[in-house]
Amino acid sequence: LERTLNCADCPESIEFVSNVFGSTCLVVSILGNNYLQYFAVENTFSPFASDTPEKKMILEVGKIVHVNMNASDDDVVSFNVLDMAAAPMKLPLLAVATDKNRHIIFQTGTTEQVRNLYGHTATEYSRPKLVWHPTGKYILSTSDRPYGICIWSVCSGLLVSRLIGHSASIRGLAVNSANLEILSCSFDKTLRLWKLEDEHE
């Protein structure tokens with residue numbers, strides 16, 4: 001065990017992101033908290049770089065920045081983040097799955113909501129999962145009633161396709177970037193491998 005991070009309440013989801021605050025950070029969502037916690041684990045900004053505003057934003061290893069998820073910057077807790085996924089190809093975007101019928105794409109390390117994604121269904125017992133398409137053009141997420149995988153265009157924010165086949169709640173998603181495939185597992189006791197398209201619009 002190298003390090004322990006104590007949280008104010010139950011941590012719901014975690015993800016590593018790079019190139020934010022001059023560091024690689026562990027992002028943690030906390031139950032009943034409208035802030036994402038950015039915990040610096042490694043500095044990635046060159047110590048020989050010029051004295052730029054970006055350099056002054058470097059977060060020291062072990063330090064934490066609390067970033068409000070509310071666009072209005074208030075402290076109302078209207079949703080919990082149950083899953084997170086950093087964008088591929090070093091895009092500065094972080095997608096979060098909430099316990100409401102809403103997913104959000106944030107500019108990494110900021111309050112800025114780049115996209116709000118709607119069209120899926122999350123019940124009180126849902127544990128939504130989301131992943132990025134390897135190209136970074138799409139977000140894929142589980143949905144209940146009907147059970148399936150929703151695909152949104154990041155560019156437009158629109159729901160562009162659904163993958164239907166499971167007969168019970170989908171509990172996990174994994175992407176094979178090399179072959180453009182996504183694997184899903186479900187309470188229907190099956191795993192299904194789906195072929196992804198380069199374009200869904």
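User: What order do the four strands take in the open sheet that includes S6?
Analyst: This is a predicted model, in which local features need pLDDT of at least 70, side-chain atom pairs count only at pLDDT 80 or more, and totals for chains, interfaces and linings use all residues. Residues are numbered from 1 along each chain as its sequence is written, and side-chain values use heavy atoms, without hydrogens or water. Strands are DSSP runs of E, at least two residues long, and helices are runs of H or I, at least four long, both numbered from the N terminus; two strands pair if DSSP finds at least two bridges between them. Pairing in this open sheet is antiparallel, and the order is S5-S6-S7-S8.

User: Which strands stand at the edges of that sheet, and why is one side of each left without a neighbour?
Analyst: An edge strand here has a single partner strand, so one side of it has no neighbour in the sheet. The two edge strands are S5 (81-86) and S8 (113-117).

User: By how many degrees are neighbouring strands of this sheet turned against each other on average?
Analyst: Axes are lines fitted to C-alpha atoms, for helices over the stretch in contact, and angles run from 0 to 180 degrees between N-to-C directions. For this sheet, direction is ignored. The average turn is 20 degrees.

User: Which residue is the bridge partner of Val96 in S7?
Analyst: S6 (residues 93-98) and S7 (residues 103-107) pair over five bridges, in the antiparallel sense. In S7, Val96 is matched by Ile104.

User: Which strands stand at the edges of the open sheet S9-S10-S11-S12?
Analyst: This sheet also has four strands with antiparallel pairing. Each edge strand has a single partner, so one side is left without a neighbour in the sheet. From one strand to the next, the twist averages 20 degrees. The edges are S9 (130-132) and S12.

User: Which residue in S11 is the bridge partner of Ser143?
Analyst: S10 (residues 138-143) and S11 run antiparallel, joined by six bridges. The partner of Ser143 is Gly148.

User: Which residue takes a positive phi in the hairpin of S11 and S12?
Analyst: S11 (residues 148-153) and S12 (residues 159-164) pair antiparallel over five bridges. Ile151 stands opposite Ser161. Five residues lie between the strands, and the positive phi, near 80 degrees, belongs to Gly157.

User: Which strand gives the most to the largest nonpolar core?
Analyst: Such a core is a set of buried Ala, Val, Leu, Ile, Met, Phe, Trp, Tyr and Cys residues joined through side-chain atoms within 4.5 Å; buried means under 20% relative accessible area, exposed over 50%, partly exposed in between (1.4 Å probe, protein chains only). The largest has 18 residues, and Cys25, Tyr38 and Leu94 have the most contacts inside it. S1 (11-20), S2 (23-30), S3 (35-43), S5, S6 and S7 each supply at least two residues. With three residues, the top contributor is S3.

User: Which residue in S15 is the bridge partner of Ile182?
Analyst: Five bridges join S14 to S15 (residues 191-195), and the two run antiparallel. Their hairpin has four residues between the strands, with Lys189 at a positive phi near 70 degrees. The partner of Ile182 is Trp194.

User: What distance separates the C-alpha atoms of Ile58 and Phe21?
Analyst: Ile58 sits in the loop between H1 (53-56) and S4 (64-68). Its relative accessibility is 28%, so Ile58 counts as partly exposed. Ile58 and Phe21 are 37 residues apart along the chain, yet their C-alpha separation is 4.8 Å.
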